[in-house]
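Colleague: Please take a close look at a single part of this model and describe how it is connected to its surroundings. Some context on the second chain would also be welcome.

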Amino acid sequence: MARIGVFVCWCGSNIAETVEVSKVAEVSKSIPGVVYSVDYKYMCSDPGQELVKNAIKEYKLTGVVVASCSPRMHEKTFRKAALEAGLNPYMLEMANIREQCSWVHNNMDEGTQKSIDLVRMMVEKVKRNKPLDDISIPVTKKAMVIGGGVTGIQAALDIASGGIPVVLVEKESSIGGKMSALDETFPTLDCSQCILTPKMVEVAQHPLVQIISYAEIEKLEGFVGNFKATIRKKARYVDVDACTGCGTCWQKCPVKVDSEFEQGLGKRKAIFIPFPQAIPSRPRIDAENCLKLTKDRCGICEKVCPTKAIHYDDKDEFMEVEVGAIVVATGYKIMPVSAFPEYGGGQYPDVVTSLQFERMVCASGPTLGDLKRPSDGKLPETVVFVKCVGSRDPEHYHSYCSKICCMYVAKQTMLYRHKVHHGNCYVFYIDVRSNGKNYEEFVRRAQEQEGAQYIRGRVSSIYKDGDDMVVEGADTLTNSQIKVKCDLVVLATAMEAPDGIKQLAQKLGIGYDQHGFLTEAHPKLRPVETATAGIFLAGCALSPRDIPDSVSEGSAAAAKVLGLLSKDTLDKEGVVAIVNELTCVGCQNCIRVCPYNAIELKDICNRQGELQRQVAHVNPGLCTGCGTCTPSCPSRSIELQGFRDTELYAEINALAEL
Amino acid sequence: MSENWEPKIITFVCNWCTYAGADLAGTSRFKYASNIRIIKTPCSGRIDPMFIVSAFEKGADAVLISGCHPGDCHYNEGNYNARRKFTMMKRLLDTLGVDTRRVVFAWCSASEGIKFSRLVNEVTESIKKLGPYTDYHSLNQEER
Ligand SMILES: Cc1cc2nc3c(=O)[nH]c(=O)nc-3n(C[C@H](O)[C@H](O)[C@H](O)COP(=O)(O)OP(=O)(O)OC[C@H]3O[C@@H](n4cnc5c(N)ncnc54)[C@H](O)[C@@H]3O)c2cc1C
Ligand code: SF4
Ligand code: SF4
């Protein structure tokens, strides 16, 4: 038999002024199951809580209703008191007679009557409540960072500095990401390599960081605190432990192909490191172009390698790591010029992307910083930059703004003028967006002191006229058609989600938007979390952003990981869904609607181990207690604890007597 | 209809947005009609269409359902589900002959205390005009 106690609070005069508290307490006594009721001036005060605790013990209460303020204020307080008196905290409910009665109604009769109703509803609910246990899940104190650009490096460093070991998985043979290919960086014009290389070295030398390069995620199992990742280490044909990075092999290799790192403007060998500062500084063989691997000829690298590190029979290898949390920092790619035939992209070598331009002016680039245009090596006397190529163009390409092109184009005009003092440079733009610290000043400097000429308007076509390139467009400020002859055209092409990102997102069970950028759990309040607990996001994997933002997010994600892994167990309330395996028909409705992928199918076998049927099973580590599954179940087999059907119908039914 | 008849309005709200919005109406002392009785669920996704039918059976004259604005949901997708589900539910209720003017769906955030109080007043007023709802109530009596 239920033995319920009702505790009505005055909240000084806050409640007592418009609610006849003594009457509420008195009438409550007549509700079936109520064995004790009392009103008191401040129920949340120490003596008030003592009153509750003593009554629980004295009257052997099985449930408690506190009629007072909002549960959002004091539910924790009173549930803790209940626990201290030996009552399961979930057997205490609150009737909100302050925010929902005394403060919003003027009439004493109405306020009192409504308070009685609210108490009756909660009494009926608490009579049906079940004691719940909080859930405690052990966590693996190790993290994985996917993507070794500046964002991933920052995240790995911060996590490791917090004492948690990190596995850093990078798709390419070196960490560094796009930043390693940049020349100088806005808004301070410091050299990208000079600020990135020390970080790369630091992360590589950190005793708690293990870098696994030229590798990708094959599979992810488990859940928050308890993930098991399978990593595919792609065949490199070089034993990274034996190799000393001496470089003899790539000096001797006879095959030359376009270098991806140099954006096709320079060459690399078939055995190569992508750039001199690569970490790890161990080469890999490009199997598609290696003569030995394609035609069984050559074999020079094996012969010249002093440490016998070359193995032509190398295979992909798989390794498993157990981690408690994951940061995804897979960055971006930029659209190639060939995506824009209307601008002569792919047709004319002197139409290049902004990333190619970075390599053309970079001292470590293919021309060692001597600016030469690709077609004939001529010094470009006039350069046209075109912004928003592929961005902000929902009809043809992407609807979004790539956010940082305004800034790097301003930067590139300066880099250009620093190389070619007498050169002319023009920028076709729609808007100039420069809303970061010192950004507006930076753009103004490009325009006012460094001579960049900004033309507001879209470019209609780019073509060749003799030796020159011609850019035609509209100047929307003077309302005139404009034609600029130049030597080089730089397209600020859109930043896009990198290749393979959807497949990765599906393996990890995280969301992505229509553009392929990964989706945060809440755009404002949970910007570096995903909807899957324990998996975090940072940097350009979310959408285009610059280095300061990327690095901040790397640190933010690291803080989240450290917070999660700072305890030995993950503790959460017992408000999770539970399946009745006897009645579940395995229809999977709940699996489809659960926003957190917390439900999976579970095999039910007989004693001989033969599969009988499959039922839904909720992983309490993933369940957030939203209850979306409960109404979706045709056989009423999945119930959110604390908000079960019987409990909520009891509240509705209580109204019949009102 | 008796002279001093007052409508009974049962309200289902999610914990994170509308319940908090109602709390804010309280802390801001925005007065509203006392005809509503709130039942809290964690997310509007938890609200079962059968709750609505049941509320009518138990004598409600109207049912008000309110959750977070789509996209603001604490549980990110829960209320998209709710929106889809309730569109279908409303159609279903309509075919069943339920007076769907008495089922009100609204989005109300934690910061919209004033919106909540106005909402309650508006719904109360419109139901007062419609009068008591007994169709389902009598069904319930017969069953008994
Ligand atoms: C032309 C140009 C100029 C720029 N100039 C500036 C500037 O001056 N100042 C500034 O602040 N910003 C500048 N930026 C922006 C800057 O490049 C980015 O903000 C920064 O590189 C983002 O770092 P990230 O680590 O998020 O992404 P990335 O640098 O793209 O790194 C992502 C890493 O993840 C790896 N990866 C991808 N997919 C996988 C996978 N499935 N598994 C494992 N690893 C994977 C990639 O190989 C890469 O190493 C510029 C950008 C461009 C295009
Ligand atoms: S309560 Fe929500 S999170 Fe938990 S299993 Fe059900 S739908 Fe998924
Ligand atoms: S919806 Fe119900 S019956 Fe269907 S799988 Fe889920 S728990 Fe089982």
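Modeller: From the N terminus on, chain B follows the order β-α-β-α-β-α-β-α-α, which amounts to five helices and four strands. Here helices (H or I, at least four residues) and strands (E, at least two) are DSSP runs, numbered from the N terminus. The model is predicted: local features need pLDDT of at least 70 and side-chain atom pairs count only at pLDDT 80 or more, whereas totals for chains, interfaces and linings use all residues. Residues are numbered from 1 along each chain as its sequence is written, chains are lettered from A and ligands numbered from 1 in the order in which they are written, and side-chain values use heavy atoms, with hydrogens and water left out.

The part chosen for the close look is strand 22 of chain A, residues 424–429. Five of its six residues are buried, so the strand is largely enclosed by the rest of the structure; buried means under 20% relative accessible area, exposed over 50%, and partly exposed in between (1.4 Å probe, protein chains only). Strand 22 of chain A runs parallel to strand 21 (residues 382–389) of chain A, to which five bridges join it; two strands pair if DSSP finds at least two bridges between them. In this pairing, F428(A) has V386(A) opposite. The chain passes from strand 21 to strand 22 of chain A through helix 12 (residues 405–419) of chain A, in a right-handed β-α-β crossover. A crossover is right-handed if, with the strands pointing away from the viewer, the path from the first strand over the helix to the second runs clockwise.

Strand 23 (residues 452–456) of chain A also runs parallel to strand 22 of chain A, and five bridges join the two. Here C425(A) stands opposite A452(A). Together with helix 13 (residues 439–449) of chain A, strands 22 and 23 of chain A make a right-handed β-α-β unit.

A salt bridge (a side-chain nitrogen of Lys or Arg within 4 Å of a carboxyl oxygen of Asp or Glu) joins D431(A) to R456(A), at 3.0 Å from N to O. D431(A) lies in the loop between strand 22 and helix 13 of chain A and R456(A) in strand 23 of chain A, so the pair ties together parts that are 25 residues apart in sequence. D431(A) is partly exposed at 22% relative accessibility, as is R456(A) at 29%. Another salt bridge links R445(A) and E450(A), whose closest N and O atoms are 3.2 Å apart; E450(A) is buried at 13% relative accessibility, whereas R445(A) is partly exposed at 28%.
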